[in-house]
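Before turning to the details, please keep in mind that the model discussed here is a predicted one. The paragraphs below take up a pair of packed helices and then a pocket.

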Amino acid sequence: MALRSLDNALPIAIERPKKQAKVVVTQNQKQTDCVANDENKAPLPPGDAAVDYVPSENLEAIDDPDSKIHGLVGGLESKDWLEICRSLNDTRRFALFHSALLLPILGKVLLVIVKSMKNPRSALCKTSVMASADIFNAFGDELFESSNSDAFDNVILQLLLKASQDKKFVCEEADKTLKAMVESMTPLPLFHKLHTYVKHTNMRIRAKAAISISHCVSKMELDGMKEFGFVSLVQIAVNLLNDRLPEAREAARSIVVSVYEALTKDEEQKQEVWQNFCQSNLPAIHAQTIVKIVSS
């Protein structure tokens with residue numbers, strides 16, 4: 001049987017590649033994308049409505065605060081992040097102008113603020129950090145009370161975390177809030193809450209904690225240092241002097257100088273008293289290092 005000629009076979013259709021649709025990106029779109037992807041800027045909400053970061057001095061008292069206080073926690077727990085921002089600003093106004101109304105629910109408010117700090121939306125995070133600063137300035141040592149203490153501990157950790165991150169505008173706000181915390185509170189009880197963080201595994205958190213601790217020590221009276229212990233303070237500084245980050249090492253030197261000034265305030269032979277203290281309480285290699293910090 002003769003084979004059929006291939007000449008009459010249908011040609012095999014060759015599928016041509018489909019053309020890709022061209023996407024034209026306008027200059028305005030490029031600028032919008034840049035803003036949206038800039039981690040140092042707050043993402044814009046739908047409708048291009050911007051979030052206002054109102055300085056504390058520009059905040060005003062609340063109309064009818066007695067009725068509005070009842071809905072504050074509900075607003076802070078809203079699923080609408082813009083509503084949460086508004087409620088955080090109301091929290092700031094309550095703290096500054098109506099603190100007596102806020103105090104009974106302060107512990108609960110602090111816990112909700114911590115949730116906002118953990119939110120990945122930078123605008124919400126920054127507003128919650130600003131609210132913390134106003135609360136510190138308004139209530140100060142009342143945050144050490146048992147009803148607020150645990151929530152305050154959570155706030156401290158979140159502030160150290162936010163001050164250690166890469167988003168510059170959140171980091172800077174957290175740094176300012178940590179300073180406000182130290183300025184508004186008695187140094188010794190705050191020192192007790194902070195000093196455990198100088199052993200944190202995250203070196204950035206160690207450094208931020210060390211800076212806050214050094215500010216606490218610089219504010220301490222002699223009695224406060226005695227109560228915590230001169231030797232304990234210097235030992236904390238010794239450990240920080242070997243830290244990887246220069247901020248932690250500089251904070252350690254600041255602690256040493258504060259202890260030296262308090263310990264030798266009424267002494268005529270300051271260097272001799274300081275050297276004897278270091279040699280009596282520290283290993284020789286550490287004593288030599290600590291003595292040099294003051295003499296240099």
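**A helix pair and a pocket**

Helix 10 and helix 11 run roughly antiparallel to each other, because the angle at which they pack is about 160° and angles over 145 degrees count as roughly antiparallel. Helix 10 covers residues 187-194 and helix 11 covers residues 203-219, and their axes lie 9 Å apart. The crossing that these two helices, helix 10 and helix 11, make is left-handed.

On the side of helix 10, the residues that make this contact are Pro187, Leu190, Phe191 and Leu194, while helix 11 brings Ala209, Ser212, Ile213, Cys216, Val217 and Lys219 to it. Sorted by class, the contact of helix 10 with helix 11 has eight nonpolar residues, together with one polar and one charged residue.

Val217 of helix 11, which takes part in that contact, is also found in the lining of the largest pocket. This pocket holds about 170 Å³ of space, and its lining further includes Ser218, Met220, Glu221, Leu222 and Met225, as well as Ser258, Glu261, Ala262, Lys265 and Asp266. The elements that contribute two or more residues to the lining are helix 11, helix 12 (222-228) and helix 14 (246-263), and of the lining the largest share, three residues, comes from helix 14. By class, the lining of the largest pocket has five nonpolar, two polar and four charged residues, whereas one charged residue is counted in the contact of helix 10 with helix 11.

Methods: Residues numbered from 1 in each chain as written. Predicted model: local features only at pLDDT ≥ 70, side-chain atom pairs only at ≥ 80, totals over all residues. Heavy atoms only, no water. Axes fitted to C-alpha atoms, helices over the stretch in contact; angles between N-to-C directions. Helix = DSSP H or I, 4+ residues; strand = E, 2+ residues; numbered from the N terminus. Parallel < 35°, antiparallel > 145°, perpendicular 65-115°, else oblique. Left-handed = near helix turned anticlockwise from the far one by under 90°. Contact = heavy atoms within 4.5 Å. Nonpolar A, V, L, I, M, F, W, Y, C, P; charged D, E, K, R; others polar. 1 Å grid on protein atoms, 1.4 Å probe; cavity = no way out; pocket = protein on both sides within 12 Å on 5 of 7 lines; lining within 4 Å. Points joined across faces, edges and corners; volume = space filled by probe spheres on them.
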